[in-house]
Number of protein chains: 4
Amino acid sequence: SWIHSSGVLPQAAPPPQARFFPPAEGPMLPTGSFTNRVAFITGGGTGLGRAMTTTLSQLGATCIIASRKLDVLKQTAEEISRQTGNKVHAVQCDVKDPEAVSRCVDQVEAMTGLPDVVINNAAGNFVCPSERLTPNGWKSITDIVLNGTAFVTLELGRRLIQNQKGASFLAITTIYAESGSGFVAPSASAKAGVEALYKSLAAEWGRYGHRFNIIQPGPIRTKGAFSRLDPTGAFEKAMIGRIPTGRLGMPGEIANLAAYMSSEFATWMSGAVVRLDGGEYVSMAGEFNELRRVTPEQWKTMEAMIRGTKGS
Amino acid sequence: SWIHSSGVLPQAAPPPQARFFPPAEGPMLPTGSFTNRVAFITGGGTGLGRAMTTTLSQLGATCIIASRKLDVLKQTAEEISRQTGNKVHAVQCDVKDPEAVSRCVDQVEAMTGLPDVVINNAAGNFVCPSERLTPNGWKSITDIVLNGTAFVTLELGRRLIQNQKGASFLAITTIYAESGSGFVAPSASAKAGVEALYKSLAAEWGRYGHRFNIIQPGPIRTKGAFSRLDPTGAFEKAMIGRIPTGRLGMPGEIANLAAYMSSEFATWMSGAVVRLDGGEYVSMAGEFNELRRVTPEQWKTMEAMIRGTKGS
Amino acid sequence: SWIHSSGVLPQAAPPPQARFFPPAEGPMLPTGSFTNRVAFITGGGTGLGRAMTTTLSQLGATCIIASRKLDVLKQTAEEISRQTGNKVHAVQCDVKDPEAVSRCVDQVEAMTGLPDVVINNAAGNFVCPSERLTPNGWKSITDIVLNGTAFVTLELGRRLIQNQKGASFLAITTIYAESGSGFVAPSASAKAGVEALYKSLAAEWGRYGHRFNIIQPGPIRTKGAFSRLDPTGAFEKAMIGRIPTGRLGMPGEIANLAAYMSSEFATWMSGAVVRLDGGEYVSMAGEFNELRRVTPEQWKTMEAMIRGTKGS
Amino acid sequence: SWIHSSGVLPQAAPPPQARFFPPAEGPMLPTGSFTNRVAFITGGGTGLGRAMTTTLSQLGATCIIASRKLDVLKQTAEEISRQTGNKVHAVQCDVKDPEAVSRCVDQVEAMTGLPDVVINNAAGNFVCPSERLTPNGWKSITDIVLNGTAFVTLELGRRLIQNQKGASFLAITTIYAESGSGFVAPSASAKAGVEALYKSLAAEWGRYGHRFNIIQPGPIRTKGAFSRLDPTGAFEKAMIGRIPTGRLGMPGEIANLAAYMSSEFATWMSGAVVRLDGGEYVSMAGEFNELRRVTPEQWKTMEAMIRGTKGS
Ligand SMILES: NC(=O)c1ccc[n+]([C@@H]2O[C@H](COP(=O)([O-])OP(=O)(O)OC[C@H]3O[C@@H](n4cnc5c(N)ncnc54)[C@H](OP(=O)(O)O)[C@@H]3O)[C@@H](O)[C@H]2O)c1
Ligand SMILES: NC(=O)c1ccc[n+]([C@@H]2O[C@H](COP(=O)([O-])OP(=O)(O)OC[C@H]3O[C@@H](n4cnc5c(N)ncnc54)[C@H](OP(=O)(O)O)[C@@H]3O)[C@@H](O)[C@H]2O)c1
Ligand SMILES: NC(=O)c1ccc[n+]([C@@H]2O[C@H](COP(=O)([O-])OP(=O)(O)OC[C@H]3O[C@@H](n4cnc5c(N)ncnc54)[C@H](OP(=O)(O)O)[C@@H]3O)[C@@H](O)[C@H]2O)c1
Ligand SMILES: NC(=O)c1ccc[n+]([C@@H]2O[C@H](COP(=O)([O-])OP(=O)(O)OC[C@H]3O[C@@H](n4cnc5c(N)ncnc54)[C@H](OP(=O)(O)O)[C@@H]3O)[C@@H](O)[C@H]2O)c1
């Protein structure tokens, strides 16, 4: 395959350091941390959204999950509810459509009242050379990710403000929101837009009792993400090779961080952007990190050459 | 007025240090720097776009300016052309509309061939508490700023690639693209999206001979910007009070920077984000900068108190 | 006082939104999260360091606190130990001095073995116009903050690597590490240096089982910080006025975040920079956030003026 | 060699796109831009410092270059002066030593008066695994880069303020100052510190007529840098492979940017950080940029797979 032949992949087995970094299991926060609290999670039927819903539900929250596929949502809701004993509601909503969002929030108000916790997690993405992107291809991503997040956030925010109710808002973005990245330009742009929106509202809506924060996940194997970002599976190994902790993330790790950031333990956190990526970003971005490939023997040679240098 | 009564305004006259920072006049680059080069500038009929067009035209470029108001464009084109002796074309184009963009680029190809220099400068903005924003209000800004920039950039980029022609792309964003800002959330989000798009393409399309860079202007008095951001004129004085160089910027200063970044002197610049704001951003962002209000006498008192502190 | 007369202070009482953001009390992580784990905290005798030590000790860690004043350390160690029932060791160490650091780590190895958790929290700071800074004044801060952190981190890291032992490193920096700030330039520079060091090592030392992360606290009243940063107490009120959550932070809030980041729940976090500041940073940095002072009545006027604007 | 065998190097010849990005030659600014102006450049005897001195001298400045090796400085001074016809002074100065800095500024005052333009360019660096760094190795870099820059800047700044004279300060840092980088941790830390110092002073000393800006160069072949960062020459090819513009930078390109930023055309620029790196940083940092290795044929396959994906 292209990745193998291009030599990106130095190793097949997971890097040995992964043993130092085992993922934790189960929720981190105290039992009952979200009792009597309502959480609204977009894209909560699958992947990371499902994991965050599970954790909040385990911690006592009443959850509402919303996305396009009602059947998927309903099945997830039932499974989580059965596991945790707490109610999970499923509401159909295409976040691209402001009227659908408004109707969805009507339903939420009727079912549970306005939420205490909002997680904007719904997204779309696929890899594609930018010269092949049509305007519709561009909008298929940015309409969900940027406009969708804005419509959900502004609609809920407006109603919460009218009701003088505080809330914690969280958005799930990505590690390339700040740096940008080729081959996923619409996603990078839309996620950067989401981050700016959340930082803007953190400053503006604190006075209404609202907090706004962001998680930037690194690579975590979910069907939705990986089937469109790494359809051949070749890229995954390259990523693991450059992640300092030597492994992909697990959905439950994002869920514990999200629960903390949405909880009463984080009432002083607002406008924060938390990267959780095994160190991948700093590893990629630092100019000399490729020198990890230099062997101890080669270092000796190099040190001798450096010491032998005279002048500038 | 609200600003006066709220005490934001310590001084009426421009800060005395402004005399150290007089704006330069006239183009910086060597005469003829853009001879035989074609520059395409969106929003080139007014404000900063007009200033950049003037400078490029003075330096020898054939310019095309594009926006919605053909009459404004035509008048600007004629005035600049008369001043510089070089051709300036006016093309009507609503950048929100991908078909209009495509037709506009057809016209450009017919008139001048594909451009060597592209400047995405068109934008919309207005101040508004976010709880008053409707979905349409949100889209009225993001459709121009983010989608408009993407449509123009992707359409021109695709055709340039097909023609194996290199080009320099520049986007005009703002100093609050990274930090976000309340009361201009749609603009902050869209501009952040533009920055991520340009950084993404800088990485991806270098192989096709394209460079992508960004200018973040601070406050510069133009009718378009100030009438919608500071309709009462009260905020301007507050801004000047916190700008370290003690004055607003001038359109010609952005134009000289833009010309440099688009020129043969900057062929190694790509993926760069250049802030030109008189120092306003660092002045706002730094937690202790308000201590500029402490007088020398008060410093003496404070130093004595600090020296007298024992332990932690 | 200067702050009052300069009009920075719009309100005397805490902003009303503070009631939405009450600080949580007590540790967040499950009991026993740090049982059989050793934590080394510089500056652990006072302020935030003391709070982090208390939380880790409550969660089962054996702690070692190190700084210059052995009497302060001993008293803190005893008080915490009495409260939690877990051992807290006090070791004298001036982190500026590499030999003192080496001797201190010898003692740690002898007492507890090398640590699983390292928190670099020791620092010095004072407000001062930069033109009054002598080279010694500059070094009095940077030697502690930057060199001290480096010496502690490199010494512990080297020995941990030799022993093939993994560890979590955390550094406490500040919200002005990225933006810089006047009047605390040595601290800003040194803290920025610490952040770069930790991001560098996150990339480089993952292969040895080490993680490196950063917390940037906003303003939290501790004697050590506030007596040298706000000796008159006037600035505190100005800060509260611009913090979206309407209050200062509490040491226990930093402690819970630090415990999470140092725990088994965060093994996939490395190279992360987490701001915990009540939203102060985004509030300061966003160009239009001062518009929070505009009243609803004034917004109506402004909206009418904006709507009346024609053209650019 | 290690780099070849590890497969980092896909190509031997410069990437074909380099032909789109030829470096410009000669100064960009108008003749006489620096006439009657004095420029002080640390490390001006070699590499980038020499190039900046040459350009400023060509543009009319009286230059003073300062570093440790007086013989190198004198030869450079004479060669530049012969070429440009303008005076270049050589002053011995070890920037680590505050007293040497003070004596050096005494000499400057005597020879030319205080400077209008200050460029902090002196630095040291070498690649080294961080676990091999001694405290002295750490300080050998940070003392020059961070303390040296601070001592020069504070000493000149203090005297300029006393004389009520404005000035432009520029610091040369690096693209890994923000991201950090393994194997050059002391340099990353010190350069990050320099950036924070310059942003701090941009905010604080505007009122005295001073501007502070930063250039972050990407890789440019100079003896001083490359002999200690890439002694075998193997890494250079890897870097070129990931630079979107397909080539290293040239000293004259930095010199033209530095001249602009120090000139009367940039009086409104302060607190700015300008990256000039051929796009290397965004190319490294963006998570999916490695997909540049995917061939058009492989894209077809991948697109078919993505389109075939159903659900999340
Ligand atoms: N997994 C990773 O490695 C990774 C890395 C970085 C960031 N992220 C982010 O993490 C979040 C979750 O991703 P994931 O990996 O869990 O992938 P996923 O399972 O595909 O989740 C995406 C969810 O968004 C929902 N969605 C898509 N379009 C929607 C629309 N128009 N309206 C409402 N809901 C919509 C989908 O449900 P329906 O199809 O039912 O609408 C789906 O549940 C995303 O924001 C993603 O960008 C993931
Ligand atoms: N002035 C400042 O202080 C400042 C500060 C930061 C950033 N900026 C940025 O600088 C750029 C120029 O702003 P400016 O101050 O010069 O204001 P301006 O005069 O209002 O310029 C905006 C231009 O965009 C064009 N435009 C708006 N909507 C368009 C559309 N749908 N399609 C095509 N063109 C459209 C307008 O022309 P038509 O009406 O004819 O379409 C106008 O010429 C903007 O990107 C702005 O965000 C300005
Ligand atoms: N409080 C805030 O608002 C705030 C905000 C942002 C960041 N921070 C950061 O939080 C950390 C803790 O600050 P704090 O507010 O808790 O202040 P603090 O009580 O003054 O803590 C500083 C600690 O550093 C120790 N220390 C100072 N110099 C040392 C040296 N040379 N060697 C070893 N230890 C030394 C001190 O102990 P000895 O005197 O015994 O040496 C003291 O325990 C610092 O890194 C600070 O920069 C605080
Ligand atoms: N070349 C690149 O690829 C690159 C990339 C990023 C950043 N940079 C930065 O660009 C700047 C110039 O680097 P360069 O590539 O031109 O390398 P260089 O030729 O080695 O320049 C370094 C200069 O610093 C001087 N210097 C070193 N220690 C000093 C001290 N203690 N006191 C006074 N001067 C001292 C040296 O002169 P003496 O030996 O006579 O003291 C020398 O002239 C540096 O800041 C470097 O970090 C370079």
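## Note on three ligand sites and two chain pairs

1. By class, the shell around ligand 2 is made up of 12 nonpolar, 10 polar and five charged residues; here Ala, Val, Leu, Ile, Met, Phe, Trp, Tyr, Cys and Pro count as nonpolar, Asp, Glu, Lys and Arg as charged, and the others, Gly among them, as polar.

2. This is a predicted model, in which local features need pLDDT of at least 70 and side-chain atom pairs count only at pLDDT 80 or more, while totals for chains, interfaces and linings use all residues. Residues are numbered from 1 along each chain as its sequence is written, chains are lettered from A and ligands numbered from 1 in the order in which they are written, and side-chain values use heavy atoms, with hydrogens and water left out.

3. To stay with ligand 2, 27 residues surround this ligand, a residue being counted if one of its heavy atoms lies within 4 Å. The closest of them are T46(B), L48(B), S67(B), R68(B) and T222(B). Because the surrounding residues come from chains B and C, the site of ligand 2 is shared between chains.

4. Several polar contacts (pairs of N or O atoms within 3.5 Å; within protein, one must be able to donate a hydrogen and the other to accept it, and residues adjacent in sequence count only if both atoms are side-chain atoms) can be listed for ligand 2. A polar backbone atom of L48(B) is 2.8 Å from an oxygen atom of the ligand, a backbone N or O atom of C93(B) lies 3.4 Å from a nitrogen atom of ligand 2, and a backbone N or O atom of A123(B) lies 3.3 Å from an oxygen atom of ligand 2. Ligand 2 taken alone exposes 870 Å², of which the protein buries 93%; such accessible areas come from the Shrake-Rupley method with a 1.4 Å probe, and for residues only the protein chains shown count as cover.

5. Which elements of chain B each supply at least two residues of the shell around ligand 2? They are α2 (47-58) and α8 (223-229), where helices (H or I, at least four residues) and strands (E, at least two) are DSSP runs numbered from the N terminus. Of the elements, α8(B) gives the most to this shell, with three residues.

6. Ligand 3 is also surrounded by 27 residues, and the closest are T46(C), L48(C), S67(C), R68(C) and T222(C). Residues from chains B and C surround ligand 3, so this site too is shared between chains. The shell around ligand 3 has 12 nonpolar, 10 polar and five charged residues, and α8(C) gives the most to it, with three residues.

7. Among the polar contacts of ligand 3, a polar side-chain atom of S67(C) lies 2.6 Å from an oxygen atom of the ligand, and a backbone N or O atom of V95(C) lies 3.0 Å from a nitrogen atom of ligand 3. A polar backbone atom of A123(C) is 3.3 Å from an oxygen atom of ligand 3. The protein buries 93% of the 870 Å² that ligand 3 exposes when taken alone.

8. Ligand 1 lies between chains A and D. Of the 27 residues around ligand 1, those that come nearest are T46(A), S67(A), R68(A), N121(A) and T222(A). The residues of its shell divide into 12 nonpolar, 10 polar and five charged, and the largest share, three residues, comes from α8(A).

9. Oxygen atoms of ligand 1 have partners in both backbone and side chain: a backbone N or O atom of N121(A) at 2.7 Å, a polar side-chain atom of K191(A) at 2.8 Å and a backbone N or O atom of I220(A) at 2.8 Å. Of the 870 Å² of accessible area that ligand 1 has on its own, the protein covers 93%. The elements that give two or more residues to the shell around ligand 1 are α2 (47-58) and α8 (223-229) of chain A.

10. Between chains D and C, 38 residues of chain D are in contact with 38 residues of chain C, contact meaning heavy atoms within 4.5 Å. The two chains bury about 2,900 Å² between them, 63% of it on carbon and sulfur atoms; buried area is the accessible area (1.4 Å probe) that two parts lose on being put together, summed over both. E131(D), W138(D) and E204(D) supply 22% of the area that chain D buries against chain C, more than any other three residues.

11. Chain D is superposed on chain C, with an RMSD of 0.0 Å, by a rotation of 180° with 0.0 Å of shift along its axis, the fit being by least squares on the C-alpha atoms of residues with pLDDT of at least 70 in both copies. Because 100% of the interface residues of chain D are also interface residues in chain C, the copies meet through the same surface.

12. For the pair of chains D and A, a turn of 180° and a shift of 0.0 Å along the axis lays chain D on chain A with an RMSD of 0.0 Å. That is the relation of a two-fold axis. Here too the same surface serves both copies, with 100% of the contact residues of chain D recurring in chain A.
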